[in-house]
Amino acid sequence: EAKRLIQMQGATSLYRGYGATLARAVPFDATRQSLFEELSLLIGDATSRGVVAGVVAALVTQPLDAVKTRLQVYDRDMSWFSCVQDMIANDGLSVLWAGALERGIICGLSGALLFGTYGKIDEWVISFIVALQTA
């Protein structure tokens, strides 16, 4: 499929939606990381904080993800703004929230795994350092 795509549309077609991917990834990661840190005042468990941070970040950035996905699957080049206009004109405003539930579940689970693992490793490292200092 990639070979055919390159032959028909050129090598740059493999990067369609790359800018939109960055436009979605940066706010998602910034939101998830910031929220994870801020939630430490309310929720002590890193895994639980990771779930909440992942779900909220997914929901906040869902419209950006919908546009990114549409740009990647369109057969023609179009600007981000044109894509949003086209999506809303053809499918209505709700199209920007299509897949939000599924993405929220996936991002919540990945947040739990990522931050839960981070929390456990952090605990082990601190225990190890304390053990070395008291030995």
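This note goes through the overall build of the protein and then its aromatic contacts.

1. The model is a predicted one, and the points below should be read with that in mind. In it the protein holds 6 helices and 0 strands, and from the N terminus on the elements follow the order α-α-α-α-α-α.

2. On overall dimensions, the radius of gyration of the protein is 20 Å, whereas a compact globule of 135 residues would have a value near 14 Å. The C-alpha trace, followed along its principal axes, spans about 65 × 35 × 20 Å.

3. As for burial and surface, 30% of the 135 residues of the protein count as buried. The protein exposes about 8600 Å², and carbon and sulfur atoms supply 66% of that area.

4. Contacts were also sorted by distance along the chain. Among the contacts in the protein with a separation of 6 or more, 64% are made by residues that are 24 or more positions apart.

5. On charge, the protein carries 11 positive and 13 negative charges, and the mean positions of these two sets lie 7 Å apart.

6. The structure holds 2 aromatic pairs. In one of them, Phe-36 and Phe-115 are stacked, with 3.9 Å from centre to centre and 15° between the planes. This pair links distant parts of the chain, given that Phe-36 belongs to helix 2 (residues 18-38) and Phe-115 to helix 6 (residues 100-134), with the two positions 79 residues apart in sequence. Both Phe-36 and Phe-115 are buried.

7. Phe-36 also pairs with Tyr-118, and here the ring centres are 6.3 Å apart with the planes at 75°, so the pair counts as edge-to-face, the cut-off for that class being an angle over 60 degrees. Because Phe-36 lies in helix 2 and Tyr-118 in helix 6, this pair ties together parts of the chain that are 82 residues apart in sequence.

8. Which residues do the ring pairs link into a cluster? They are Phe-36, Phe-115 and Tyr-118, and Phe-36 takes part both in the stacked pair with Phe-115 and in the edge-to-face pair with Tyr-118.

9. The accessibility of Phe-36 and Tyr-118 deserves a separate remark. Phe-36 has a relative accessible area of 1% and is therefore buried, the limit for that class being under 20%. Tyr-118, with a relative accessible area of 45%, is partly exposed, since a residue has to be over 50% to count as exposed.

Note on methods:
Residues are numbered from 1 along each chain as its sequence is written. This is a predicted model: local features need pLDDT of at least 70, side-chain atom pairs count only at pLDDT 80 or more; totals for chains, interfaces and linings use all residues. Side-chain values use heavy atoms; hydrogens and water are left out. Helices (H or I, at least four residues) and strands (E, at least two) are DSSP runs, numbered from the N terminus. The radius of gyration is taken over C-alpha atoms; the globule rule is 2.2 Å times the number of residues to the power 0.38. Buried means under 20% relative accessible area, exposed over 50%, partly exposed in between (1.4 Å probe, protein chains only). Contact means heavy atoms within 4.5 Å. Accessible areas come from the Shrake-Rupley method with a 1.4 Å probe; for residues, only the protein chains shown count as cover. Lys and Arg count as positive and Asp and Glu as negative; His and the chain ends are not counted. The place of a charge is taken as NZ of Lys, CZ of Arg, CG of Asp or CD of Glu. Rings of Phe, Tyr and Trp (its six-membered ring) pair if their centres lie within 6.5 Å; planes under 30 degrees apart count as stacked, over 60 as edge-to-face and the rest as tilted.
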